[in-house]
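Hi everyone, thanks for coming. I'd like to walk you through a few spots in a structure I've been looking at, so let's put it up on the screen.

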Amino acid sequence: MPTKHEVTAAGAGTGIVAVSDLEVHYGLRGGGLARLFGRDSGTVKAVDGVNFVLHRGEVLGLVGESGSGKTTLGRALLGLAPATQGSITYHEPGDGGSAYERVVSEMSGAELRKLRTDLQMVFQDPHAALNPSMTIETAVGHPLRIHGIAKGEELRKRVASALERVGLAPAEQFMAKYPSDLSGGQKQRAVIARAIIMDPEVLVADEPVSMLDMSVRAKILQLMLDLKNDLGLTYVYITHDLASAKFFCDRIAIMYLGRIVEIGPTEEIFADPKHPYTKALLKAIPEPDPQKMVPRDLPRGEIPDAARPPLGCSFHPRCPVAVAECGWESRDLRALLEEHWIRQEPSVYEAERELVGDLDKLDEAAKTVTVGTVANAAKLRAMLEGIRSENPTEPLWTGVDSLEETAEGLEIRFHQGFDPLLRPSGGVEVACVLYPTPVTTEPALPE
Amino acid sequence: MFRSLLSPFRQTTGIARWLLLTGVFITAVFVVCALFAPWVAPLDFNQRYVDGVKLPKQDPPSGEFWFGTNDQFFDVFSRVVWGARTALVVVGLSVLFSVVIGVVLGLISGFIGGWLDRLLVFLMDTLYAFPSLLLAIVFSFLLRDLLGGSVVAVAFALTVIYIPQYFRVVRNTTVSAREATYVEAARAIGARNHTIIGRYLFGNVIQSVPVIGTLNAADAIATLAGLGFLGLGIQPNEAAEWGYDVSRALDDMGAGIWWTAFFPGMAIVLLVAGLTLVGEGLNETVNPVLRKRRLMPVDMPANEPSSYLAEGDAAALGAGAPDPRFREDEPLRPEHEHRRREDESR
Amino acid sequence: MTELYDGPDAMRPGSDLVIDAQDLRVWYGSERGPVKAVDRVSFELRKGEILGLVGESGCGKSTLGRGLLGLLPEGAKMDGHLRFKGEDLLALPKKEMFAKRGTELGMIFQEPLTRLNPLMRISEHFEETLKTHERGISKAEVERRSLEVLRVMGIPPTRYRSYPHEFSGGMRQRLMIALALVLRPAFVVADEPTTALDVLVEAQIIRILHDLRREFDTSLLLITHNLGIIAEACDRVAVMYAGEIVEIGDARDVFSAPQHPYTRELLRSTISLSTTGLNFIPGAPPNLVAPPSGCHFHPRCPDAMNVCAARHPVERTHPNGTRAQCWAADLRDGMASDLTSEETASLPREEISVADEA
């Protein structure tokens with residue numbers, strides 16, 4: 001019977017988990033008031049169409065900020081979050097190098113529980129991931145007991161061996177302790193011990209070191225690297241810290257609002273980042289080098305509400321190089337106006353606000369929107385022209401198709417945009433209209 | 001669980017601590033009476049004759065009968081002592097049943113959620129809304145037909161009243177605990193639902209149960225007495241019961257016979273008070289929000305100016321002048337002595 | 001030695017000192033003895049300067065930040081010398097200290113959502129802040145000043161009447177900063193202001209803090225565990241370990257030539273884009289009730305000598321202007337000529353096992 005190492009060597013590089021068009025949507029229940037007034041409570045598209053293949057023996061990084069969906073994706077890989085659409089297929093290694101396909105997203109109950117011997121997870125918060133009322137021995141040995149793999153003396157031996165493996169040696173010293181007796185780093189080691197005790201194939205690590213002190217992080221990361229080599233593991237490393245991802249991962253997938261926006265080998269991503277979001281992330285990482293100044297040209301704004309994502313490309317409201325096709329809409333106009341008003345005198349702000357009238361109209365995501373009244377349409381137009389001339393390079397103007405005075409007021413029409421899919425460009429895949437070749441269109445000029 | 005009960009005990013101060021100790025003492029007295037009733041009480045609870053001689057009727061307290069005798073020729077003191085046993089047995093049983101049923105239902109309901117949860121919550125809230133004595137009366141009637149007026153029957157009657165309290169607390173704690181990371185971790189390692197409930201949730205949701213149990217017991221004593229007073233409690237020839245004694249002593253009031261009502265009444269009051277004090281005291285110790293931490297006094301030794309300004313004085317410092325940071329020359333105060341030595345180990 | 005505090009201004013270096021702290025101590029009582037959360041800390045802060053206070057969890061930096069503003073919990077005792085624009089803060093009665101907070105002393109916390117009242121609009125928050133300290137102020141004036149400070153923070157005036165939960169995380173933190181600054185305090189303590197924020201938003205907030213001195217002439221004490229932020233935003237940096245400042249100096253100097261081994265090891269163990277190998281510091285920070293004898297860092301220090309376990313190092317100024325307390329650094333710069341050869345021999349170190357790690 002081939003040992004784990006042999007199988008790994010033979011199968012290195014082959015796909016072990018394949019994710020296809022995965023979507024994980026959560027319906028929002030909405031407050032009582034919302035339901036009373038019949039407003040749609042909406043869905044949060046935590047994961048919104050993700051495709052990738054995890055190769056055996058690699059470390060794949062899922063990098064993103066909050067709301068990017070990386071945590072949900074990690075859980076979905078293990079069947080801990082339900083897939084609303086798409087599939088996750090696990091190629092279970094069998095004898096002689098063959099593999100059985102198991103569709104994780106469709107499994108439940110006992111079948112899913114059996115999968116736990118192969119797919120495991122390391123959690124973010126070491127202080128919360130261990131049951132406070134269980135000793136370390138019980139907690140780390142529990143997987144074996146649950147699956148009936150070992151018990152009694154055999155169980156104890158395996159627990160001791162796992163503890164020693166993660167560096168909690170001598171094991172006897174730690175077996176009878178409770179989580180509250182251990183430090184953060186020790187707890188995380190125990191969590192790792194629990195994850196590897198069943199000899200899994202794939203380990204999903206959800207921000208394993210972000211809650212530990214800097215001086216301890218390196219130790220835990222080193223431990224994980226050693227385990228990967230010793231046990232032939234495949235990792236999915238979820239983090240918001242690009243720096244540790246650069247060190248730890250073979251391939252990196254950058255996520256934004258439920259999508260992968262760029263995915264490729266680590267060196268490629270860092271040497272030549274393509275997606276504007278990736279570029280921004282790299283620029284924004286604080287480096288312990290006082291020569292490096294605070295970056296001034298970072299994308300504005302923040303991660304949008306996942307229940308109401310921007311139309312077209314989700315990043316376009318913040319993107320410094322967006323073009324007409326990126327999916328401009330009325331909400332972007334509101335953001336523009338608010339940004340403009342920050343710079344104005346209060347009196348000018350008051351006057352202009354009067355002209356625009358009801359701002360909440362702009363909150364409906366629409367390609368065509370009418371503001372103001374028929375009386376002040378001309379003045380409104382002049383105001384917008386003025387804003388444009390203050391900053392002609394503002395990407396929003398590339399997306400404005402026309403400004404027209406109508407019987408209801410000033411009608412603003414935006415270009416049709418679309419949501420870019422991942423396309424190969426250079427050594428990576430990028431989801432941006434600018435890659436592999438930039439789209440060139442003339443921005444529409446208002447009459 | 002016990003660790004968490006005992007360790008904060010030491011940290012409470014002042015009133016909370018005295019309350020707890022007083023309550024424990026009072027309760028302990030009654031527990032001793034209950035356990036050792038045959039030895040503490042000179043007579044049996046329904047004993048009318050001593051060596052063939054009938055006891056006097058409604059005799060005032062004296063050297064022979066410390067609490068006097070009542071209209072049924074019983075020794076009041078013995079009745080009080082035996083009553084303690086009755087009270088604690090009945091209440092103990094009922095609290096035990098309530099805890100078991102309430103906690104189990106609360107765990108399951110909180111974990112599973114859905115319509116079962118909503119149904120149970122509705123039921124429990126309804127039960128909880130009734131005054132406990134009223135419910136006790138109802139159930140006492142119902143169970144009388146089935147089980148007569150025995151100790152177990154009354155215990156059952158009391159059980160149902162208190163289940164909602166455990167249910168609510170455990171259910172609510174379970175609902176929040178089930179979102180905890182370690183529960184998700186349990187799922188991740190493949191634990192089945194009953195394992196999660198039993199091994200992962202159970203130990204972490206029952207911290208409040210001892211407090212509730214004690215306060216429940218206090219209320220149950222009073223309710224039991226109420227039942228007995230109304231004649232719905234234990235059959236008089238089954239066991240002694242304080243409430244029953246008080247009801248029989250009502251007529252004595254007019255005649256100036258105070259001891260037949262006073263002593264059983266005091267017993268009820270004292271035991272309820274004792275248990276309540278224990279419960280509230282435990283609440284203060286176990287509940288970290290209420291617990292007033294005992295502020296330890298801080299004794300800071302003299303603080304000399306540091307050598308920061310002594311940049312120019314470095315030369316002066318170097319040659320034999322005492323280093324201001326080196327506190328060897330400070331007069332030692334006894335309570336700091338052992339720490340000083342640690343500091344200066346060479 | 002006290003005459004230095006009353007000396008003529010011309011003699012004192014940096015006469016525009018906003019904060020002058022000497023030998024500050026904050027001790028708590030506990031069953032095992034006094035917890036020396038802050039144990040003889042000295043530093044100065046000039047007008048318009050940003051001082052970074054960096055250290056790992058449990059080093060006492062948050063306690064120090066709160067102590068400076070008089071926000072310590074009951075049971076904590078503070079002593080030493082603390083002067084704010086020449087005025088002795090420790091001698092101030094509580095009421096006056098309360099009056100100073102907001103107008104002259106400000107604080108920015110880590111989690112903005114928990115510090116804002118969810119039932120009050122932003123406008124009401126500002127009204128409350130301004131009216132508490134300037135009773136006669138008119139509503140129009142409140143609005144004018146609030147909108148002005150919101151503008152500097154990049155919050156549009158259209159949001160003036162919104163509720164806190166309608167803001168995103170980064171906006172809320174800007175709001176917190178705006179509230180802290182509306183009364184133009186001279187000194188602000190920011191306790192881990194960006195730890196809970198995403199990277200891009202963090203950069204935005206750091207930029208705002210960096211520009212504070214230009215807009216408001218504020219002196220800022222920036223408390224964090226993130227060395228990258230310190231490098232980007234701070235003029236000077238103080239490194240804290242076990243309740244003491246082990247090194248303090250110009251940010252560029254400290255980063256390029258750290259004097260204290262802890263600073264050096266901390267820099268080495270920071271994972272950044274240029275990291276090629278994983279380094280860490282063995283062991284764990286000491287408990288503050290009974291820290292190790294002599295230099296508190298000696299059990300974990302690669303440069304430890306015999307004297308380090310016996311005597312606490314003296315704080316000295318090194319040739320590059322940095323102040324540090326370390327025997328090895330003193331030796332290297334020729335400032336410890338009085339040490340015997342036996343004292344300067346390497347300390348035989350015990351193997352630190354995982355059982356003692358952080």
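Let's begin in chain B, with two helices: H4(B), residues 76-112, and H9(B), residues 193-205. Their axes come within 11 Å and cross at roughly 110 degrees. An angle from 65 to 115 degrees counts as roughly perpendicular, so that is how H4(B) lies relative to H9(B). The crossing of this pair is right-handed. Please keep in mind, here and throughout, that this is a predicted model.

Which residues make the contact between H4(B) and H9(B)? From H4(B) we have Leu107(B), Ile108(B) and Phe111(B). H9(B) answers with Ile197(B), Leu201(B), Phe202(B) and Val205(B). By class, that contact has 7 nonpolar residues, with no polar and no charged ones.

Now over to chain A, and to strand S6(A), which covers residues 119-122. Leu119(A) and Met121(A) point one way from this strand, while Gln120(A) and Val122(A) point the other way. Are these four buried or exposed? All of them are buried. S6(A) also has a partner in chain A: strand S7(A), residues 202-206, which runs parallel to S6(A) and is joined to it by 4 bridges. If you want to find the pairing on your screen, look for Gln120(A), which stands opposite Leu203(A) of S7(A).

That brings us to the places where the chains meet. In the contact between chains A and B, 19 residues come from chain A and 15 residues from chain B. On the side of chain A, S6(A), the strand we just visited, and helix H5(A), residues 136-146, each supply at least two residues. H5(A) gives the most, with 3 residues. Sorted by class, this side of chain A has 10 nonpolar, 5 polar and 4 charged residues.

Finally, chain A also meets chain C. Here 47 residues of chain A are in contact with 48 residues of chain C. Several helices of chain A give two or more residues to this side, among them H8(A) at 184-196, H10(A) at 242-248 and H13(A) at 330-342. Which helix gives the most? That is H9(A), with 8 residues. As for the classes, the side of chain A that touches chain C has 25 nonpolar, 11 polar and 11 charged residues.

That's my tour, thanks for listening!

Note on methods. Residues numbered from 1 in each chain as written. Chains lettered and ligands numbered in written order. Predicted model: local features only at pLDDT ≥ 70, side-chain atom pairs only at ≥ 80, totals over all residues. Contact = placed C-beta atoms within 7 Å. Nonpolar A, V, L, I, M, F, W, Y, C, P; charged D, E, K, R; others polar. Buried ≥ 20, exposed ≤ 12 C-beta atoms within 10 Å, placed from the backbone. Pairing = 2+ DSSP bridges. Axes fitted to C-alpha atoms, helices over the stretch in contact; angles between N-to-C directions. Parallel < 35°, antiparallel > 145°, perpendicular 65-115°, else oblique. Left-handed = near helix turned anticlockwise from the far one by under 90°.
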